[in-house]
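The following note sets out several points for a colleague's reading of the model. They concern the sheet, one helix and one pocket.

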Amino acid sequence: MTGRFQIPLLKTARLVLRGPQDSDAAPLGRFMGSPRATWIGGPYPENDAPAWLAHQQDVWARRGWGSWIAALPDNTPIGRIGLLEHEGWPEPELAWFVFSDYEGQGFAHEAALAARTYANGSLGLPPLFSFIDPANDRSRALAERLGAVHERDARY
């Protein structure tokens, strides 16, 4: 995807966090159309993925921060990790999802640490929060592994 803003490239021991590419639409669409997307308000129509990718590019251009596609070094996308801030939210959120084939391997933790470090260090953002459905055990466990504590209940 081309855009007006160059999304920063972050590298971890096993991953590259990069801007969205057209080739990400198919795997993202499969995730968005699956029951696993329930945790992010879905499932959504799979064919919405290209618009979502374009929206992410626009968010980066407007705010100077947003979400990355987490990919293996061979460019295979494995999920999305990054910063969200919807209207009415008190502060930016650190949010993540990985595609089912890549769960349970520590990728989300590795990518979330990189995104959080970038948000705090390079962007000077305040501590981040994560909206997590109480029934989403895996996501809650990851947040706790990242050092998060339950602060309050909220509805979005």
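1. Two strands are taken to pair if DSSP finds at least two bridges between them. The model is predicted, and the pairing described here is computed from it. Strand β2 (residues 16-18) meets that criterion with strand β3 (residues 67-71), the two being joined in the antiparallel sense over three bridges. Within this pairing, Leu 17 has Ala 70 of β3 as its bridge partner.

2. The sheet as a whole is open and has five strands, in the order β1-β2-β3-β4-β5, with antiparallel pairing. Its edges are formed by β1 (10-11) and β5, each of which pairs on one side only. In general, the strands of a sheet pair through backbone hydrogen bonds, either parallel or antiparallel.

3. Strand β4 (residues 77-84) is the partner of β5, and six antiparallel bridges connect the two. Opposite Leu 94 in β5 stands Leu 83.

4. Is the edge strand β5 buried or exposed? Six of the six residues of β5 (residues 93-98) are buried, so this strand is largely enclosed by the rest of the structure. In a regular strand the side chains alternate between the two faces of the sheet. For β5, both faces are covered: one side carries Glu 93, Ala 95 and Phe 97, the other Leu 94, Trp 96 and Val 98, and all are buried. Buried here means under 20% relative accessible area.

5. Helix α2 (residues 49-63) comprises 15 residues and spans 21 Å from its first C-alpha to its last, close to the 21 Å expected at 1.5 Å a residue. Its buried residues are Ala 49, Trp 52, Leu 53, Gln 56, Gln 57, Val 59 and Trp 60. These residues cover an arc of only 155 degrees around the axis, and therefore lie on the same side of α2. Ala 51 and Arg 62, on the other side of α2, are exposed.

6. The second largest pocket holds about 180 Å³ of space. Which element gives the most to the lining of this pocket? Helix α1 (residues 25-32) does, with three residues. The full lining consists of Pro 27, Arg 30, Phe 31, Ser 34, Arg 36, Pro 77, Phe 99, Ser 100, Asp 101 and Tyr 102. By class, the lining divides into five nonpolar, two polar and three charged residues. Pro 77, one of the lining residues, also falls within the range of β4 (residues 77-84).

Technical notes:
Residues numbered from 1 in each chain as written. Predicted model: local features only at pLDDT ≥ 70, side-chain atom pairs only at ≥ 80, totals over all residues. Heavy atoms only, no water. 1 Å grid on protein atoms, 1.4 Å probe; cavity = no way out; pocket = protein on both sides within 12 Å on 5 of 7 lines; lining within 4 Å. Points joined across faces, edges and corners; volume = space filled by probe spheres on them. Helix = DSSP H or I, 4+ residues; strand = E, 2+ residues; numbered from the N terminus. Nonpolar A, V, L, I, M, F, W, Y, C, P; charged D, E, K, R; others polar. Buried < 20%, exposed > 50% of the residue type's maximum accessible area, 1.4 Å probe, protein only. Expected span 1.5 Å × (residues − 1). Arc of directions from axis to C-beta.
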